[in-house]
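Here's a quick briefing to read alongside the model. Have the viewer open and click along as you go.

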Amino acid sequence: MEKKPVIGFDMGGTSTDVSRYAGQYEHVFEATTAGVTLQAPQLDINTVAAGGGSRLFFRSGMFVVGPESAGAHPGPACYRKGGPLTVTDANLALGRLLPTFFPKIFGPAEDEPLSLGETMKQFHHLTDEINHFLSLNQSQVGENKPQNNVVSNVQSEMSVEEVAMGFIRVANEAMCRPIRALTQAKGHDTSQHVLACFGGAGGQHACAIARALGMKTVFIHKYSGVLSAYGLALADVVEEVQEPCSLKYEQQSFSELDCRMDQLSKRCSDTLGSRGFNSGQITTEIFLHLRYEGTDCALMVTADGYPGNPQSCRAGDFRAAFTKRYKKEFGFTIPDRPIVVDDIRVRGCGKSGITSAYKPKMEHRQAKPVMTTKCYFEEGYLETSVYLWEELPCGVSIRGPAIIIDKNSTILVEPSCEAHLTNKGDVCLTVGSDHNFILGTKLNTVQLSIFSHRFMSIAEQMGRVLQRTSISTNIKERLDFSCAVFGPDGGLVSNAPHIPVHLGAMQETVQYQIRSLGSKLKDGDVILSNHPCAGGSHLPDLTVITPVFRKGVNDPVFFVASRGHHADIGGITPGSMPPHSTSLQQEGAVFISFKLVSGGVFQEEAVTEALMAPAQYPGSSGTRNLHDNLSDLRAQVAANQRGSQLVGELIDTYGLAVVQAYMGHIQSNAELAVRDMLREFAQQRREQTGSLEVESEDFMDDGSPIRLRVQIDEEEGSAVFDFTGTGTEVWGNCNAPRAITLSALIYCLRCMVGQDIPLNQGCLKPISVIIPPGSILQPSQNAAVVGGNVLTSQRVVDVIFKAFEVCAASQGCMNNISFGSEKVGYYETVAGGAGAGPGWNGRSGVHSHMTNTRITDPEILEKRYPVILEHFSLRPDSGGAGQHCGGDGVIRRLLFRSEVVLSVLTERRVTRPYGLKGGEDGAAGLNLLHRADGRVLNLGAKTSVSLQPGDMFCLYTPGGGGYGREEGNRTPEAKRRRLYETFPERGSVFEYRLAQEGV
């Protein structure tokens with residue numbers, strides 16, 4: 001066990017911390033806490049909002065745990081202070097916590113024991129609510145023939161114990177997801193780890209967590225309940241110094257690198273020496289922050305285990321260490337590129353010399369339980385022996401089910417598990433195989449939540465593989481991609497929180513391939529598509545689709561797909577985002593149903609020919625970066641392969657019929673949530689106006705109207721979204737394919753539901769959509785569409801939210817800026833102001849709605865491209881005033897150092913983002929060019945212009961609209977950030993998801 005890597009699992013009252021240790025501490029160098037990003041070395045500890053105090057909810061047929069927490073006050077229901085049901089209450093209800101072993105410190109006077117009665121009272125009420133929902137569903141199934149034949153029935157009534165057990169299982173699955181992400185995202189096998197469990201609540205969940213992750217061993221320290229405090233007392237003192245470096249890691253640089261390493265090591269040693277440590281207590285470790293030249297993904301590498309040689313630094317062979325780790329994390333290396341040293345870091349450690357004193361009990365006797373109780377497991381109530389940890393002799397083994405109680409924690413030894421007390425007094429749990437739990441196709445509300453997590457985890461892991469194995473800045477650093485899982489009919493089942501504008505459009509793409517290729521799809525085929533008629537958003541977004549086959553089944557049982565924005569696929573301008581394109585052929589290479597992989601063979605020659613094909617059109621070029629295109633396409637194929645593998649593992653566990661049944665159940669759950677939202681809105685609307693119809697209108701900068709009329713059926717919870725009256729197809733490129741409107745619609749519905757639901761095809765089942773052919777929202781087959789994806793999509797969102805009066809308009813633009821020459825090419829989208837709403841101010845300087853990509857770091861921008869970032873700040877007072885203010889846009893000034901062609905593709909330069917309920921409009925955007933000779937030119941919303949050295953482009957992005965009429969005596973407090981009751985997540989897994997979801 002000593003040689004196995006360890007997963008740290010610290011479950012406390014409000015959250016769970018997850019970490020990994022494999023002989024070295026894993027660090028991150030940037031983290032976000034309370035919305036503030038800090039750049040400082042720190043341990044990579046991931047915090048998720050699932051602890052003993054996480055609240056329990058039943059929403060639209062789904063069990064939900066957290067992220068809201070009961071906190072220490074009022075705390076869980078059993079604390080006798082009027083608190084809500086929590087995970088702690090669920091453990092108490094199942095007999096896993098014993099009130100007689102807790103001190104009497106609860107209640108208003110803090111002199112009462114835990115209240116099992118209050119817990120059971122609230123659980124009975126929640127169980128009645130759940131059973132009422134189940135009985136309604138059962139009756140509806142009896143009256144109506146189900147639309148999906150796998151959703152033929154639902155489970156019968158649940159007992160209080162089944163409900164409590166269900167919440168425990170959902171909480172466990174929520175905690176498994178970050179552990180999978182922390183390990184598998186870096187190429188590690190989760191099952192090959194030991195689970196080191198601590199924290200007051202960790203021992204109650206350790207066996208179940210380990211079993212779900214395939215782990216066989218759990219280690220629980222004797223002071224697990226107070227392990228953090230114990231660790232602080234034993235901790236060493238660390239001194240770290242770091243300085244930047246821009247040398248290449250090559251023979252000519254080794255002498256300078258060695259000299260600088262020695263200097264930093266001496267600084268660390270001198271600092272620790274001044275704190276009282278002698279030379280025998282001080283050790284130093286050297287790190288180099290390395291990356292391949294031309295990439296932005298740097299790894300902090302130590303040469304531990306890689307001794308120096310004549311072709312390396314004295315401190316060790318960092319090249320070998322870097323390439324091995326890069327290969328493990330990203331799946332490939334780039335041997336023909338130089339390695340660059342970004343930073344040199346030295347960590348000095350002063351050993352405290354403090355050791356743990358423990359006198360073990362070595363008596364050779366059997367462990368005797370202090371009592372026997374009944375505890376609820378999957379099998380029902382079982383006789384469970386209760387032991388006091390302090391009375392157990394070392395070497396003793398205890399078979400489950402059993403409970404081991406300490407002053408600060410409780411350990412649950414589940415059936416088929418065994419606890420062994422080590423010579424140092426720690427507990428080592430051996431985890432047996434899973435219960436023989438047979439799951440049928442009938443809807444089980446607990447399993448519904450678990451499958452929702454599992455499907456989401458598949459899409460998330462696909463995204464991590466794509467990011468790891470891609471090579472371009474757009475996908476690897478800006479995270480401009482999406483991954484999703486689809487059913488056999490092509491309907492969206494689950495997607496990771498990637499790019500909103502991709503979501504509904506990807507479903508259209510998969511369904512087009514099913515209609516087009518049908519039985520021609522074979523195992524080992526992978527399809528490439530980007531054409532708007534086939535569900536594409538715009539041409540640079542290349543979608544790779546892999547059918548998932550199952551032995552004995554002729555047709556695909558699932559589909560997995562990934563869509564990534566490629567920086568260049570040819571066309572009339574670098575970056576394939578031309579501001580003045582008038583036909584699809586001018587925007588780059590076109591794929592409708594292209595077999596990227598046929599029979600397991602990557603069709604490199606054929607796809608290369610297709611990517612170079614735009615050169616045949618006047619003024620157009622083939623792709624300007626073929627190497628990155630091919631590398632990223634291979635990465636998308638690899639991501640799909642990972643998704644296909646995970647879907648196969650899920651089917652191996654539960655069976656094809658069950659997995660497909662729960663696919664239908666999850667889609668039905670999303671449908672139910674949308675129907676509930678529409679019924680609630682219709683009721684409010686009818687009471688206020690007597691009408692069940694809403695409408696709205698907004699305009700593009702060229703005057704093209706986008707009109708929407710929504711008719712709601714309150715009884716059915718359905719609606720018709722009618723875009724009749726929308727402007728005709730335009731000569732430019734702001735035409736949006738039908739799939740874009742569906743993406744915007746599914747995004748808006750998901751936002752308006754107001755709770756965490758699966759985002760899938762079910763969201764659109766209650767919706768009928770009418771889009772007039774030949775309009776800007778359903779243009780002809782060869783219409784230019786590059787601006788429709790990034791601009792018109794935002795206006796569709798504004799129109800939908802305006803009709804429902806949800807919030808004021810956000811900036812309504814992605815501010816697409818690209819520049820390039822024969823040598824370089826760059827593309828970015830720039831943030832603006834978000835709209836305000838009832839109860840909140842709009843955020844400033846953020847991407848909103850249909851995009852959430854990151855912007856390139858200034859240092860990388862200036863180092864790699866011929867440009868200087870002169871200014872980047874918020875744009876004061878650009879947000880609309882009101883009771884709640886709109887967010888401010890930003891100001892961004894780029895000074896160019898060489899000749900380039902600048903392309904600008906923007907909106908909201910004429911029409912301003914609307915305010916709502918009396919709130920003022922946000923400021924319109926502005927694009928200015930400051931020539932080196934002093935002239936200042938207004939470039940307008942869309943243009944392409946040649947720049948000379950010394951020219952400066954100034955971008956002023958729109959602000960968000962205000963909400964509500966401004967009050968005369970409004971105080972500065974109205975501008976404060978909204979506070980949330982949810983527990984903040986932290987760590988590298990959270991940082992990755994944060995980068996995808998936006999600021």
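What follows covers the domains, one sheet, the salt bridges and a few backbone oddities.

Keep in mind that this is a predicted model. The domain assignment splits the chain into four pieces, numbered domain 1 to domain 4. A search of the whole structure turns up 40 salt bridges, and three of them get a closer look below.

**Domains**

- Domain 1 comes in two segments, 55-135 and 158-167.
- Domain 2 spans 236-350, domain 3 runs over 436-806, and domain 4 takes 808-967.
- If you want a distance for the domain 1 and domain 2 pair, their C-alpha centres sit 51 Å apart.

**An open sheet**

- Five strands line up in the order β36-β37-β42-β39-β40, and the pairing is antiparallel.
- The edge positions go to β36 (867-874) and β40 (936-938); each has a single partner strand, so one side of each has no neighbour in the sheet.
- On average, neighbouring strands here are turned by 15 degrees against each other, ignoring direction.
- Zooming in on one pair, β39 (residues 926-930) is joined to antiparallel β40 by 3 bridges.
- Leucine 929 has leucine 937, in β40, as its bridge partner.

**Salt bridge: glutamate 240 and arginine 345**

- These two side chains meet with an N to O distance of 3.0 Å.
- The contact ties together distant parts of the chain: glutamate 240 belongs to strand β12 (residues 237-248) and arginine 345 to strand β15 (residues 339-350), 105 residues apart.
- The partners differ in exposure: glutamate 240 is partly exposed at 28% relative accessible area, whereas arginine 345 is buried at 1%.

**Salt bridge: lysine 266 and aspartate 270**

- Here the closest N and O atoms are 2.9 Å apart.
- This one is local, with both residues in helix α6 (residues 254-274) and their positions 4 residues apart, about one turn of the helix.
- Lysine 266 is exposed, with 52% relative accessible area, while aspartate 270 counts as partly exposed at 44%.

**Salt bridge: arginine 908 and aspartate 698**

- The closest N and O atoms of arginine 908 and aspartate 698 are 2.9 Å apart.
- Again the chain is bridged over a distance: arginine 908 is in the loop between β38 (900-905) and β39, aspartate 698 is in strand β30 (residues 693-699), and 210 residues separate them.
- Both ends are tucked away: arginine 908 is buried at 0% relative accessible area, and aspartate 698 is buried at 8%.
- The pair is part of a network of salt bridges with shared partners, which joins Asp698, Arg795, Asp798, Glu907, Arg908 and Lys942.

**Backbone oddities**

- Glycine 400 and proline 401 are linked by a cis peptide bond, with omega at about 5 degrees.
- Proline 401 itself falls in the loop between β18 (397-399) and β19 (402-405).
- Glutamate 110 isn't a glycine, yet its phi is positive, at about 55 degrees.
- Look for glutamate 110 in the loop between α1 (87-93) and α2 (116-143).
- Lysine 917 also has a positive phi of about 55 degrees without being a glycine.
- Lysine 917 is found in the loop between β38 and β39, and it is partly exposed, with a relative accessible area of 46%.

Technical notes. Residues numbered from 1 in each chain as written. Predicted model: local features only at pLDDT ≥ 70, side-chain atom pairs only at ≥ 80, totals over all residues. Heavy atoms only, no water. Domains from an automatic or database assignment. Pairing = 2+ DSSP bridges. Helix = DSSP H or I, 4+ residues; strand = E, 2+ residues; numbered from the N terminus. Axes fitted to C-alpha atoms, helices over the stretch in contact; angles between N-to-C directions. Salt bridge = Lys/Arg side-chain N within 4 Å of Asp/Glu carboxyl O. Buried < 20%, exposed > 50% of the residue type's maximum accessible area, 1.4 Å probe, protein only.
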